[in-house]
Amino acid sequence: MFGQIKMIITVVLIAGIAGAGMYVMKLRSDNAILKANQHKLETAITEQNKVLEKQKKDFTAILESNKKLNVLINTFKQDLDDLDKRFTKKNRDIGKLAIDRTKVIERIINKGGKNAARCIELASGAEHTEAELKATKNSEINPECPALANPSYVPYQ
Amino acid sequence: MYHINKIFALALIVLLTGCSIGGEKKIKIFSVEKPREKLDYPMPTALQLEDLKWIIITSKNAEEVFKKLEEAGIDPVLFGLTDKDYQLLAKNFARIRQKLQETNNLLEEYKKYYEPKENE
């Protein structure tokens with residue numbers, strides 16, 4: 001009788017120790033999973049931050065590019081207005097002027113044509129000459145496209 | 001005899017389950033994002049235009065102009081524009097130039113945005 005009780009206690013004890021051991025094992029496994037999850041989350045946050053940073057950089061680049069293009073388009077408008085003014089300033093009639101002062105107008109038109117051709121070359125990607133880069137005076141610039149041909153030139157207001 | 005049977009049974013179990021210890025290795029599939037190849041075209045070469053000469057011809061100087069052309073061995077023929085059409089031609093020329101500049105600029109901006117240099 002006593003032997004049987006002893007055996008039951010031993011079995012219960014062993015089962016208890018085994019259960020506790022398994023429980024500890026489960027806790028350790030849960031802990032490992034939680035640690036892995038934590039690491040994954042931290043990595044995900046870092047990745048997200050990187051993506052956000054990149055997006056921010058991209059938006060800045062887009063804004064800057066848009067600004068640049070808008071400035072360029074405004075310059076185009078200004079150039080066309082200037083060209084129109086040169087033909088019509090103070091009720092100027094270029095036809096009558098050409099009749100009265102043929103040689104002078106011929107010279108002006110040839111110079112203008114040459115300047116306009118140079119503007120096309122520059123617009124297609126030609127390199128600026130040293131003189132074009134340095135030009136700051138009205139007498140030095142290419143009046144057909146000063147913004148394109150003479151980056152150092154600041155027009156008088 | 002009883003022990004031999006036990007050993008035999010044990011050996012049979014080990015023989016049948018032995019291959020399952022360790023098991024087959026699992027195939028791991030992972031994807032690596034490979035960026036698209038850069039197009040990297042060079043920018044178009046710049047234009048080099050020929051010089052041309054405008055001649056103004058009026059009712060007063062017409063004879064003189066044609067005479068000069070003949071003397072220079074050039075066919076005495078001119079392709080003409082009125083002063084108004086000349087102005088239109090000049091404006092058209094300016095518009096073509098602006099469009100060229102705009103397109104080139106856009107191309108540069110696209111290139112800068114989608115194909116930045118390593119240090120940009």
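**Reading chain A by its definitions**

Colleague: What share of the chain A contacts between residues at least 6 apart in sequence joins residues at least 24 apart?
Modeller: That share is 41%. Two residues are in contact if their C-beta atoms, placed from the backbone, lie within 7 Å. This is a predicted model: local features need pLDDT of at least 70, side-chain atom pairs count only at pLDDT 80 or more, and totals for chains, interfaces and linings use all residues. Residues are numbered from 1 along each chain as its sequence is written, while chains are lettered from A and ligands numbered from 1 in the order in which they are written.

Colleague: How confident is the predictor in chain A?
Modeller: Its mean pLDDT is 91, and 99% of its residues reach 70 or more. The scale for each residue runs from 0 to 100. Helix 4 (residues 130–134) of chain A has the highest mean among the elements, 95. Helix 5 (residues 146–149) of chain A has the lowest, 89.

Colleague: What makes an element of chain A a helix?
Modeller: A DSSP run of H or I, at least four residues; a strand needs E, at least two. Chain A has 5 helices and 0 strands.

Colleague: How do you know what a compact globule of 157 residues would have as its radius of gyration?
Modeller: Take 2.2 Å times the number of residues to the power 0.38, over C-alpha atoms. That gives near 15 Å, but chain A has 42 Å. The C-alpha trace of chain A spans about 145 × 30 × 25 Å along its principal axes.

Colleague: Which helix gives the largest share of the side of chain A that touches chain B?
Modeller: The contact takes 31 residues from chain A and 29 from chain B. Helix 3 of chain A supplies the largest share of chain A's side, 13 residues.
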